[in-house]
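Hi,

Here is the structure I said I would pass on. Have a look at it first, and then read my notes below.

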Amino acid sequence: MNVTGRVLVVDDDPTVAEVVARYLARDGHEVECVADGNQALARALAQPPDLVVLDLMLPGIDGLQVCRRLRETSAVPIVMLTALGGETDRLVGLETGADDYVTKPFSPRELALRVRSVLRRAQGSFAPAGGAPLRDGDLVVDVAAHEAARAGEPLALTAREFDLLAFLLRNPRQAFTRDQLLEKVWGWSFGDSSTVTVHVRRLREKIEDDPTTPRRIMTVWGVGYRYEPVDA
C-alpha cells in the first residue's frame, strides 16, 4: 500500500529541493518547497502538512530550531537531512524530535522510501484492525487508534516513539539489542543503533516518573533494553 500525503520540503538548495520534490511527487505526494526556517514554520503552522523533510542548515533559523518549535505544538513526522558524517547533528536532531534522518549526499529514492515508511507509521497503516488497547498501570496504548495516554493525559509521541513503546509493551520482560529493535520495530536492516538510544531516552522522559531512574524501560547492560511492567 502506497501511503501518500502533503509533504513540506525545507531546503535552501534549489537543486536539492527540486529533485526531492520530483521524486516525492512521483510517489503520489502533494509537495510544497520553502527555502528557509522562518518560511517553514509559517507554512507548517498555517497549513499543517502530513510530513516535513527538513534540512539542518538553513538561513533564518536552522533546522534544529524549526524542529524544536514544531514539536512544541505538533507531532507532525519530520525526516531530517544531515551532512555526511555529522553524527552529532543526527543525534541532536533525533533528540529534538525528528522521526528519521537521511545523510547527504543521499539517494532521492532512499529518501522517498523513508518518507513513505514514516507516513505509514504515522497514519497507522500497520495497526491491527481491532484488539484491546495495551495497558500497564496508568499507561494505555491504543494501537488501532494510534493514541497513547498516561494517567488519562494524552502523550505527544512521534511515530517512531509510538512504534517503540507499542512493541515493548507487547513484549514485556524480553531483552532486545539495539539492532534487533531497529529491525523489529521499524524494519531497518541497516542504520545507526544510536537512533534507538535517543528514542528510548525521549520515551523515558514521557512515561517515567524519574527518567534518570527508569522503572519501565530498563537498560540491560551489554545487551540493550527491556520493558518491565509496573502493573505486575
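Start with helices α7 (residues 178-186) and α8 (residues 194-207): their axes come within 8 Å and cross at roughly 80°. Keep in mind that this is a predicted model. An angle from 65 to 115 degrees counts as roughly perpendicular, so that is how α7 and α8 sit to each other. On the α7 side, the contact is made by Arg178, Leu181, Leu182 and Trp186, and on the α8 side by Thr195, Val196, Thr197 and His199. By type, the residues of this contact divide into four nonpolar, three polar and one charged.

Leu181 turns up again in the largest nonpolar core, which has 26 residues. It is listed there with Val141, Leu164, Leu165 and Ile217 as the residues with the most contacts inside that core. Which elements give two or more residues to this core? They are β7 (139-142), α6 (159-170), α7, α8 and β12 (224-227). Of these, α6 gives the most, with seven residues.

Leu164 is a good place to zoom in. Leaving aside its neighbours within four places in sequence, Leu164 is in contact with Leu181, Val185, Trp186, His199, Val200 and Leu203. Apart from the largest core lies another one, of 22 residues, including Ala40, Ala44, Ile78 and Val198.

Now for another helix pair. The axes of α1 (residues 14-26) and α5 (residues 108-122) come within 9 Å and cross at roughly 55°, and that makes α1 oblique to α5. The crossing of α1 past α5 is right-handed. Here Val19, Val20, Tyr23 and Leu24 in α1 meet Pro108, Arg109, Leu111, Ala112 and Val115 in α5. The residues of this contact divide into eight nonpolar, no polar and one charged.

Last, take a look at Met80, which lies in strand β4 (residues 78-83). Is Met80 buried or exposed? Its relative accessibility is 1%, and buried means under 20%, so Met80 counts as buried. Gly63 is 17 residues away from Met80 along the chain, and the C-alpha atoms of the two are separated by 8.0 Å. Gly63 is also one of the contacts of Met80 once neighbours within four places in sequence are left aside. The others are Leu54, Leu56, Leu64, Cys67, Gly93, Ala98, Asp100, Tyr101 and Val102.

Happy to talk it through whenever suits you.

Cheers

Notes: Residues are numbered from 1 along each chain as its sequence is written. This is a predicted model: local features need pLDDT of at least 70, side-chain atom pairs count only at pLDDT 80 or more; totals for chains, interfaces and linings use all residues. Side-chain values use heavy atoms; hydrogens and water are left out. Axes are lines fitted to C-alpha atoms, for helices over the stretch in contact, and angles run from 0 to 180 degrees between N-to-C directions. Helices (H or I, at least four residues) and strands (E, at least two) are DSSP runs, numbered from the N terminus. Angles under 35 degrees count as roughly parallel, over 145 as roughly antiparallel, 65 to 115 as roughly perpendicular and the rest as oblique. Contact means heavy atoms within 4.5 Å. Ala, Val, Leu, Ile, Met, Phe, Trp, Tyr, Cys and Pro count as nonpolar, Asp, Glu, Lys and Arg as charged, and the others, Gly among them, as polar. A nonpolar core is a set of buried Ala, Val, Leu, Ile, Met, Phe, Trp, Tyr and Cys residues joined through side-chain atoms within 4.5 Å. Buried means under 20% relative accessible area, exposed over 50%, partly exposed in between (1.4 Å probe, protein chains only). A crossing is left-handed if the near helix is turned anticlockwise from the far one by less than a right angle, and right-handed if clockwise.
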